Amino acid sequence: MAEAKKADMYAWEGMDKSGKRVKGEVSGQSEALVKAVLRRQGVKPS
């Protein structure tokens, strides 16, 4: 049986669709998954 990985908190910065600089924190299982979630929300992570 596979174990569920604990979600960690990630601080992020990036640009939204309008070019405005945004930042925040989000929980996720990996950095790659967090970046994918941000891109789906229209944020280009830096």
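Glu31 has a relative accessibility of 48%, so it counts as partly exposed (buried is under 20% relative accessible area, exposed over 50%, and partly exposed in between, with a 1.4 Å probe and protein chains only). This is a predicted model, in which local features need pLDDT of at least 70 and side-chain atom pairs count only at pLDDT 80 or more, while totals for chains, interfaces and linings use all residues. Residues are numbered from 1 along each chain as its sequence is written, and side-chain values use heavy atoms, leaving out hydrogens and water.

**Exercise 1.** Find the residue with which Glu31 forms a salt bridge.

*Solution.* Start with the criterion: a side-chain nitrogen of Lys or Arg within 4 Å of a carboxyl oxygen of Asp or Glu. Glu31 meets it with Lys35, their closest N and O atoms being 3.6 Å apart. Next, place the pair: both sit in helix α1 (residues 31-40), and because they are four residues apart, about one helical turn separates them. Finally, Lys35 is partly exposed at 35%.

**Exercise 2.** Work out the strand order of the open sheet.

*Solution.* Two definitions help: strands are DSSP runs of E with at least two residues, helices are runs of H or I with at least four, both numbered from the N terminus, and two strands pair if DSSP finds at least two bridges between them. Strand β1 (residues 8-15) pairs antiparallel with β2 (residues 21-28) over eight bridges. β1 also pairs antiparallel with β3 (residues 44-45), over two bridges. The order is therefore β2-β1-β3. β2 and β3 are at the edges with a single partner strand each, so one side of each has no neighbour in the sheet.
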